[in-house]
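Hi,

Here's the structure I promised to pass on. My notes on it follow below.

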Amino acid sequence: MRIVFSLLLIFASWSLCAAPKADLLPYWQDQVASNQRDINHHPWQQLLTKYLVVSPQQTLFRYSAVTPADKQQLQNYITQLAKLDPRQYNRNVQFAYWVNLYNALTVQLIIDNYPITSITKLGGFFSFGPWDQPIVTITNKTLSLNDIEHRILRPIWRDPRIHYAVNCASLGCPDLLPQVFDSHHLDRQLNNAASRFINSNKGVRTNLKQTTLSSIYDWYSVDFGNQQALLQHINHYRVHKKINGDNIKFDYNWQLNQKL
């Protein structure tokens with residue numbers, strides 16, 4: 001029994017430190033660049049407006065307040081997105097599609113399993129969270145949250161700001177933003193998301209002795225580059241004190257981003 005428990009601890013520690021690689025699922029890389037049609041994300045916007053609580057350092061979601069009717073609205077929204085073939089749209093519309101779908105699926109996971117204290121409590125016995133579980137089927141392809149983030153978004157767009165866009169329902173995660181991602185304003189939205197996170201205490205904290213960065217910068221260092229590139233990225237968005245590479249540690253809070 002002690003051996004099993006020790007193995008579980010090792011597995012959990014490994015899961016915290018290891019992040020999936022950006023490994024493209026080629027099926028999803030096609031686009032129709034000439035297609036200017038957009039996708040309606042208004043139902044998701046309505047739910048964010050109703051249940052998201054925004055403060056200067058953190059956004060919280062009122063999971064416990066979601067009504068049965070709004071749960072159904074969320075399900076209908078996800079169902080409508082799943083009926084589409086995102087490969088038939090242009091890249092910007094695709095990006096908004098995948099990010100909004102990812103965030104809506106994450107919120108639905110929490111609502112369906114509420115009350116919980118952390119998303120990491122979901123998943124199987126040997127799982128650290130629900131990210132590898134099949135969660136949605138699109139054009140007869142079943143996908144997990146990890147598929148969407150690490151096998152579609154990251155390898156196709158190759159933009160580190162993706163990590164500020166997808167939300168894992170945790171206090172340490174970049175905020176679930178009050179506005180849905182819009183194919184016409186993606187660059188501005190991504191820059192705003194990066195700036196909000198980097199200028200929050202959960203993104204970057206400094207004192208005279210140490211700089212504490214979000215563990216996202218450790219887990220996904222391959223996306224942000226070497227330390228010099230990472231510092232340049234962070235300082236590009238820092239409003240006040242710039243940081244240097246001295247005495248850096250990493251931290252992350254997996255507690256649920258709930259508003260009681």
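A quick definition before the notes: contact means heavy atoms within 4.5 Å. This is a predicted model, so be aware that local features need pLDDT of at least 70, side-chain atom pairs count only at pLDDT 80 or more, and totals for chains, interfaces and linings use all residues. Residues are numbered from 1 along each chain as its sequence is written, and side-chain values use heavy atoms, with hydrogens and water left out.

Let's start with helix H3, residues 68–82 (helices are DSSP runs of H or I, at least four residues; strands are E, at least two; both numbered from the N terminus). H3 has 15 residues and reaches 21 Å from first C-alpha to last, close to the 21 Å expected at 1.5 Å a residue (that is, 1.5 Å times one less than the number of residues). Its buried residues (under 20% relative accessible area, 1.4 Å probe, protein chains only) are Asp70, Leu74, Tyr77, Ile78, Leu81 and Ala82. Seen down the axis of H3, they fall within an arc of 135 degrees (taken from the directions from the axis to the C-beta atoms), so they line one face of the helix. That set packs against helix H2 (42–51), helix H4 (91–113) and strand S3 (134–138). Pro68 and Ala69, on the other side of H3, are exposed (over 50%).

Then there's an open sheet of three strands, ordered S5-S6-S7 with mixed pairing (a pair needs at least two DSSP bridges). Strands S5 (204–206) and S7 (248–251) are the edges, each pairing on one side only. S6 (residues 211–214) runs parallel to S7 over four bridges, with Thr211 opposite Ile248 in S7.

Cheers
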